[in-house]
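Welcome, and thank you for taking a look at this protein. Below is a friendly walk through some of its residues, one place at a time.

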Amino acid sequence: MKRCPAVEVRPPDRRDEWALSWYRERLDDPTLLEAAVVLVADGAGAGYLAVPLGGRRRGGELSVDADIAVLWALRDALTGREGFPYVRARRSTHPDVCHRIEWGPAPPPGDDHALVGRFYGYSERAIVRHVIGATAREV
């Protein structure tokens, strides 16, 4: 019988600087990072940065490139934490697509990058940069 992976929940630190800087450059309210947590399965060191809801940020998600047991364990570790309502796991049915953990209401449907960006609490500047990049890739 396969054992359930242990998950450490810790505050972000220097090991997470790449992910922190990614969010710092994009969030409308970067102070949300003060309440972020890192989920580390079985002492792997590198973890999954989870940013809570607040301000404009109505939903959150993280991609999980691990097996199903880790997906469930990460979901369980995030469930019940302040700033992370309605935590759910989305299992991928395609081998090239990561599983996901989501929190908050479901994201808006469709391909409206600006609407989705606002839902995830990104700044208008970050949304414009993303939309310009997405448009350039489509041409």
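Let us begin with Glu 102, which is found in strand β6. Please keep in mind that the model is predicted. Is Glu 102 buried or exposed? Its relative accessibility is 4%, and because buried means under 20%, Glu 102 counts as buried. The side chain of Glu 102 has a partner there: a polar contact of 3.3 Å joins it to the side chain of Arg 90. Beyond residues up to four places away in sequence, Glu 102 touches Gly 60, Glu 61, Tyr 86, Val 87, Arg 88 and Arg 90.

**The whole chain**

With one residue in view, we can step back. The protein is built from 4 helices and 6 strands, and from the N terminus on these elements follow the order β-α-β-β-β-α-β-β-α-α. It has 139 residues, of which 38% count as buried. About 8,400 Å² is exposed, with 54% of that supplied by carbon and sulfur atoms. Of the contacts between residues at least 6 apart in sequence, 57% join residues at least 24 apart.

**Around the strands**

One of the residues touched by Glu 102 is Tyr 86. Tyr 86 sits in the loop between α2 (68–78) and β5 (88–90). The phi of Tyr 86 is near 55 degrees, which is a positive value in a residue other than glycine. With a relative accessible area of 64%, Tyr 86 is exposed.

Further along the chain, Ser 92 belongs to the loop between β5 and β6 (99–103). Which backbone oxygen does the side chain of Ser 92 reach at 2.9 Å? One is that of His 94, and the backbone oxygen of Val 97 is reached at 2.9 Å as well. Ser 92 is buried, with a relative accessible area of 16%. Leaving out residues up to four places away in sequence, Ser 92 touches Val 97, Cys 98 and His 99.

Ser 63 brings us to strand β4 (residues 60–64). At 44% relative accessibility, Ser 63 counts as partly exposed. Ser 63 and Arg 100 are 37 residues apart along the chain, yet their C-alpha atoms are separated by 4.6 Å. Apart from its neighbours within four places in sequence, Ser 63 is in contact with Tyr 48, Cys 98 and His 99.

Here are the four residues of this tour side by side.

| Residue | Relative accessibility | Class |
|---|---|---|
| Glu 102 | 4% | buried |
| Ser 92 | 16% | buried |
| Ser 63 | 44% | partly exposed |
| Tyr 86 | 64% | exposed |

**Helix α2 and its surroundings**

Now to the helix that comes before the loop of Tyr 86. At the start of α2, a side-chain oxygen of Asp 67 reaches to within 3.1 Å of the backbone nitrogen of Ala 69. Which residues of α2 are buried? They are Ile 68, Val 70, Leu 71, Ala 73, Leu 74, Ala 77 and Leu 78. The cover over these buried residues includes β1 (7–10), β2 (37–41), β3 (48–50), β4, β5 and β6. After α2 comes Gly 80, with a positive phi near 90 degrees.

**Aromatic rings**

The structure holds 5 aromatic pairs. In one of them, Phe 119 and Tyr 120 meet edge-to-face, 5.0 Å centre to centre and with 80 degrees between the planes. Both of these residues, Phe 119 and Tyr 120, are buried. Tyr 120 also pairs with Tyr 122: the ring centres are 6.4 Å apart and the planes are at 40 degrees, so this pair is tilted. Tyr 122 is buried, as is Tyr 120. These three residues join Trp 22 and Tyr 23 in one aromatic cluster.

**A space inside**

Rolling a probe the size of a water molecule over the atoms shows where empty space is left. How many cavities of 30 Å³ or more are there? The count comes to 1. The largest cavity holds about 30 Å³ of space. Its lining is made of Leu 27, Asp 28, Asp 29, Leu 32, Gly 54, Gly 55, Arg 56, Arg 57 and Gly 121.

Key. Residues are numbered from 1 along each chain as its sequence is written. This is a predicted model: local features need pLDDT of at least 70, side-chain atom pairs count only at pLDDT 80 or more; totals for chains, interfaces and linings use all residues. Side-chain values use heavy atoms; hydrogens and water are left out. Helices (H or I, at least four residues) and strands (E, at least two) are DSSP runs, numbered from the N terminus. Buried means under 20% relative accessible area, exposed over 50%, partly exposed in between (1.4 Å probe, protein chains only). Contact means heavy atoms within 4.5 Å. Accessible areas come from the Shrake-Rupley method with a 1.4 Å probe; for residues, only the protein chains shown count as cover. Rings of Phe, Tyr and Trp (its six-membered ring) pair if their centres lie within 6.5 Å; planes under 30 degrees apart count as stacked, over 60 as edge-to-face and the rest as tilted. A polar contact is a pair of N or O atoms within 3.5 Å; within protein, one must be able to donate a hydrogen and the other to accept it, and residues adjacent in sequence count only if both atoms are side-chain atoms. On a 1 Å grid over the protein atoms alone, a cavity is a set of points where a 1.4 Å probe fits but cannot get out, and a pocket is an open set with protein on both sides within 12 Å along at least five of seven lines; lining residues have an atom within 4 Å of a point. Grid points are joined across faces, edges and corners, and a volume is the space filled by probe spheres set on the points.
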